[in-house]
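Work through the exercises below with the sequence and the structure in view. Try each task before reading its solution.

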Amino acid sequence: MTDHHSEELLDRIKEFVHTHVYPLEPDFLHRPFRELIPALNAKRDEVKRMGLWAPHLPKEHGGLGLALSEFALVSEELGRTPIGHYLFNCQAPDIGNMEILLTHGTPEQKQTYFEPLARGDVRSCFSMTEPEHPGSNPTWMSTTAVKDGDDYVINGHKWFTSSAEGASFAIVMAITNPEASNRYKRASQIIVPIPTPGFQLIRNISVMGDEGSDYASHAEVRYENCRVPQSNLLGQEGEGFTIAQERLGPGRIHHCMRWIGICERAFDLMCSYASRRELSPGVLLGSRQNVQEWIAESRAEINAARLLVLQTARAIDRQGAPAVRKDISLIKFFVAGILQKVLDRAIQVHGALGLTDATLLSYWYRHERAARIYDGPDEVHKTVVARSELKKYEQHD
Ligand SMILES: Cc1cc2nc3c(=O)[nH]c(=O)nc-3n(C[C@H](O)[C@H](O)[C@H](O)COP(=O)(O)OP(=O)(O)OC[C@H]3O[C@@H](n4cnc5c(N)ncnc54)[C@H](O)[C@@H]3O)c2cc1C
């Protein structure tokens, strides 16, 4: 895509988000999600009519055929509102599931699972993390899938299976090859239609005071003798970890650019409030040096974050995610940290108003604390970066 087309596309998306999506936000914040579904479906239809649907997908699958670095810019625009990605059908975890189904799915799996997901007719979830094991070490898990006749029988306990409520299938990580000497080759990804006997959604976990809805929730799930055909294996047996890594590379670009969109919106709210709130008659909050410092630092950090993420997205486009693993880890913790700082400063500038639910700030503050934990906690990503840097200094005899 040329720069001209890219700018034109971003302008159209920006205009749509400002004019058609921002007005839905008060209802999103204050009304039960199910009451919003008709309005959201109408907007999704509008996105389809405008030819902007599923921008991450290739054209032959109904998308815009954007490179990752181009989609990254779209993701930022959509990230300025909590419902942007959903309206364009590129929300997590569906976007990651679409990507892996497209790459690894059999023709039947694509027809049954990918196509309805790409059309936005169904939702999905990804079920890997277990309460009894550290999610930061995903090669260590207890869930098993054992062959029996033509089936796999899955047993295990998962939690933080986001969006399981309302999903029509789960992609489950389970150990299929416990004897493999390489611990990265023990698990596989298996598609479990919902409902399937033995798939038990135990509860939606209350997170930061919110039990969620079928728009966004984090479920505890048990698989008890959950039987699915062996044809539901995604990719090769023992390749579950490799596929998960493939999914997470672009996924971190999506998240980071969405966070930058949130930062821009919070920055906007912060500056506009500082420019109108009077501390005493005629004395604006924005005249205080500390507020100016927060504004200047936030601007510098957001701009730097965007450049880093785009640089990494371009490197993935050129070389593939495994080649730039260190850079992906670097942006993951760096941008998550900036997101938190910018949100915190914006809330501070708003005073008590920032804690109310009158703006999006408190919503994002609650929901995005998780950014430093999901898709790998900060500490794990810092270790990857530091190890890679230190390697350059290792003594070679
Ligand atoms: C909002 C949200 C949504 C999620 N959605 C999904 C989903 O859809 N599907 C799914 O399968 N999972 C999901 N997860 C789970 C997520 O991937 C895990 O929470 C994450 O991988 C961390 O695992 P853990 O919570 O078990 O923490 P642990 O691995 O137990 O780690 C606990 C803490 O220990 C520290 N730590 C861990 N490892 C190291 C290390 N090597 N060095 C130093 N310190 C370390 C870190 O500070 C870390 O926060 C979600 C989580 C959240 C919060």
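## Exercises on strands, helices and the ligand shell

Strand β6 (residues 199-204) pairs with β7 in the antiparallel sense, over 5 bridges. The model is a predicted one.

**Exercise 1. Find the bridge partner of Leu201 in β7, then name the other strand pairing of β7.**

Solution.
- Start from Leu201. Its bridge partner in β7 is Val221.
- Now take β7 (residues 218-229) and β3. These strands also pair in the antiparallel sense, over 9 bridges.
- Pick a position in this second pairing. Ile154 stands opposite Cys226 in β7.
- Put the two together. β7 pairs with β6 over 5 bridges and with β3 over 9 bridges.

**Exercise 2. State the sign of phi at Phe160 and locate the residue.**

Solution.
- Recall the background. Most residues other than glycine have a negative phi.
- Read the value. Phi of Phe160 is near 55°, so the sign is positive, in a residue other than glycine.
- Place the residue. Phe160 belongs to strand β3.

**Exercise 3. Locate the cis peptide bonds at Pro93 and Pro195.**

Solution.
- Recall the background again. Most peptide bonds are trans.
- Take Pro93. A cis peptide bond joins Ala92 to Pro93, with omega about 0°. Pro93 sits in the loop between α5 (84-87) and α6.
- Take Pro195. A cis peptide bond joins Ile194 to Pro195, with omega about 5°. Pro195 sits in the loop between β5 (187-193) and β6.

**Exercise 4. Classify the packing of α8 with α10: how do the axes run, and which hand has the crossing?**

Solution.
- Get the geometry. The axes of α8 (residues 240-274) and α10 (residues 325-350) come within 9 Å and cross at roughly 20°.
- Apply the cut-off. Angles under 35 degrees count as roughly parallel, and α8 and α10 are therefore roughly parallel to each other.
- Add the hand. The crossing of α8 and α10 is left-handed.
- Sort the contact residues. The contact of α8 with α10 holds 21 nonpolar, 2 polar and 3 charged residues.

**Exercise 5. Do the same for α9 with α10, and for α6 with α8.**

Solution.
- Begin with α9 (residues 289-319) and α10. They pack at about 155°, and their axes are 10 Å apart. Angles over 145 degrees count as roughly antiparallel, which makes α9 roughly antiparallel to α10.
- Give the hand. α9 passes α10 in a left-handed crossing.
- Turn to α6 (residues 94-104) and α8. They pack at about 135°, with axes 10 Å apart. That makes α6 oblique to α8.
- Give the hand here too. The crossing of α6 with α8 is right-handed.

**Exercise 6. Describe the shell around the ligand: which residues come nearest, which elements and domains contribute, and how do the residues divide?**

Solution.
- List the nearest residues. Of the 20 around the ligand, these are Met128, Pro134, Gly135, Ser136 and Ser162.
- Name the elements. β1 (124-127), β3 (151-162) and α13 (378-391) each give two or more residues to the shell.
- Check the chemistry. The shell holds 10 nonpolar, 9 polar and 1 charged residues.
- Assign the domains. Domain 2 (124-234) and domain 3 (241-391) each supply at least three residues of the shell.

How values were computed. Residues numbered from 1 in each chain as written. Predicted model: local features only at pLDDT ≥ 70, side-chain atom pairs only at ≥ 80, totals over all residues. Near = placed C-beta within 6 Å. Helix = DSSP H or I, 4+ residues; strand = E, 2+ residues; numbered from the N terminus. Nonpolar A, V, L, I, M, F, W, Y, C, P; charged D, E, K, R; others polar. Domains from an automatic or database assignment. Axes fitted to C-alpha atoms, helices over the stretch in contact; angles between N-to-C directions. Parallel < 35°, antiparallel > 145°, perpendicular 65-115°, else oblique. Left-handed = near helix turned anticlockwise from the far one by under 90°. Pairing = 2+ DSSP bridges.
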